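The following note sets out points on the structure for a colleague who is beginning to read such models. Please keep the structure in view while going through the points.

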Amino acid sequence: MDSRFFTEHSSTKFNEDLEAIRTTTLEMGGLVAHQLAQALKAFSSGDSGLATEVIANESKVDSFELEIDHRCLEIIARRAPAAGDLRMVIVCMKMASDLERVGDEITKIANMAIKLLESGNLKMGMHEVKFIGQQVTNMLATALDGFARIDASSYGDICEREQEVDASYGSGVRSLVTYMMEDPRSISDAMNMMWTLRSLERIGDHVENLAEQIVYLVEGKDVRTEG
């Protein structure tokens with residue numbers, strides 16, 4: 001842990017507690033990143049078993065959030081942290097919440113993959129799924145790396161990528177609407193693909209939240225109201 005942002009403590013246990021919640025948050029992020037990769041692979045490879053595995057692992061993500069919340073509340077109650085220490089505790093709780101929501105969206109993607117694999121129609125919107133999937137995967141990796149290094153310098157890049165995700169999402173929705181208008185038989189599959197794109201777009205939003213929280217951790221600045 002970079003001591004520039006945290007109070008020096010006479011209690012070694014306090015330092016260990018702070019490092020533990022940061023490590024656990026990073027472990028949760030790693031699991032979520034793995035889940036996202038597996039869900040996208042299920043789409044690209046046509047592997048419904050992989051999608052089912054992603055759904056089964058959702059409870060592990062939920063358990064991480066509960067563990068982090070418990071540890072953070074315990075630190076607040078017992079240690080009354082201040083300054084950078086308090087920011088670390090707050091950020092870990094907020095990041096766990098956003099990561100849990102990312103996990104929810106990943107589960108939705110896995111469910112949509114199973115439905116589309118059953119119908120045999122994975123062509124509509126796949127270009128956008130691959131593009132947005134790669135973007136949000138990179139965004140998540142960048143955010144987690146920034147948190148690991150306590151470095152907020154990637155905030156601008158993540159925001160720019162999120163705008164690209166929004167644009168691609170809009171393009172994908174318009175394309176799917178055209179499919180539905182031209183062939184009413186495609187409506188069910190097109191809607192499932194649209195929900196997939198929506199979940200990916202929502203993941204981008206949550207990852208941007210992670211980046212904002214890292215700025216708050218490092219600089220003590222709330223950037224949510226900027227721009």
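How close do the axes of H1 and H3 come, and at roughly what angle do they cross?

1. The axes of H1 and H3 come within 10 Å, and their crossing angle is roughly 160 degrees. Axes here are lines fitted to C-alpha atoms, for helices over the stretch in contact, and angles run from 0 to 180 degrees between N-to-C directions. H1 is therefore roughly antiparallel to H3; angles under 35 degrees count as roughly parallel, over 145 as roughly antiparallel, 65 to 115 as roughly perpendicular and the rest as oblique. The two helices, H1 and H3, make a left-handed crossing, a term used if the near helix is turned anticlockwise from the far one by less than a right angle (right-handed if clockwise). The contact of H1 with H3 has 12 nonpolar, three polar and nine charged residues. In this classification Ala, Val, Leu, Ile, Met, Phe, Trp, Tyr, Cys and Pro count as nonpolar, Asp, Glu, Lys and Arg as charged, and the others, Gly among them, as polar.

2. On the basis of the note: this is a predicted model, in which local features need pLDDT of at least 70 and side-chain atom pairs count only at pLDDT 80 or more, while totals for chains, interfaces and linings use all residues. Residues are numbered from 1 along each chain as its sequence is written, and side-chain values use heavy atoms, with hydrogens and water left out. Helices (H or I, at least four residues) and strands (E, at least two) are DSSP runs, numbered from the N terminus.

3. Helix H1 covers residues 12-45. At 1.5 Å a residue, its 34 residues should span 50 Å, and the end C-alpha atoms of H1 lie 49 Å apart, which agrees. The expected span is 1.5 Å times one less than the number of residues in the helix. After H1 comes Gly46, with a positive phi near 70 degrees.

4. H1 also meets H2 (residues 48-56): their axes come within 8 Å and cross at roughly 150 degrees. H1 is thus roughly antiparallel to H2, and the crossing of this pair, H1 and H2, is left-handed. From H1, the residues Gln35, Gln38, Ala39, Lys41 and Ala42 meet Leu50, Ala51, Glu53 and Val54 of H2; contact means heavy atoms within 4.5 Å. By class, five nonpolar, two polar and two charged residues make up the contact of H1 with H2.

5. With H4, H1 packs at an angle of about 15 degrees, the axes being 9 Å apart. H1 and H4 are therefore roughly parallel to each other. H1 passes H4 in a left-handed crossing, and the contact of H1 with H4 holds 22 nonpolar, three polar and three charged residues.

6. Is Glu105 buried or exposed? Glu105, which belongs to helix H4 (residues 83-119), is buried, with a relative accessible area of 10%. Buried means under 20% relative accessible area, exposed over 50%, and partly exposed in between (1.4 Å probe, protein chains only). Leaving aside residues up to four places away in sequence, Glu105 touches Ser199, Arg202 and Ile203.

7. Two loop residues deserve attention for their backbone. Ala80 has a positive phi of about 45 degrees although it is not a glycine; Ala80 sits in the loop between H3 (58-79) and H4 and is exposed, at a relative accessible area of 59%. Ile150 is likewise not a glycine, yet has a positive phi of about 50 degrees. Ile150 occupies the loop between H5 and H6 and counts as buried, at 4% relative accessibility.

8. Just ahead of Ile150 comes H5. The 24 residues of H5 (residues 126-149) should span 34 Å, and its end C-alpha atoms are 34 Å apart, which agrees.

9. Helix H7 (residues 187-219) has 33 residues and an expected span of 48 Å, in agreement with the 48 Å between its end C-alpha atoms. H7 is mostly covered, since 24 of its 33 residues are buried. Gly220 follows H7 and has a positive phi, near 70 degrees.

10. In H6 (residues 155-182) lies Gly156, which counts as partly exposed at 36% relative accessibility. Gly156 and Glu208 are 52 residues apart in sequence, and their C-alpha atoms are 9.7 Å apart in space.
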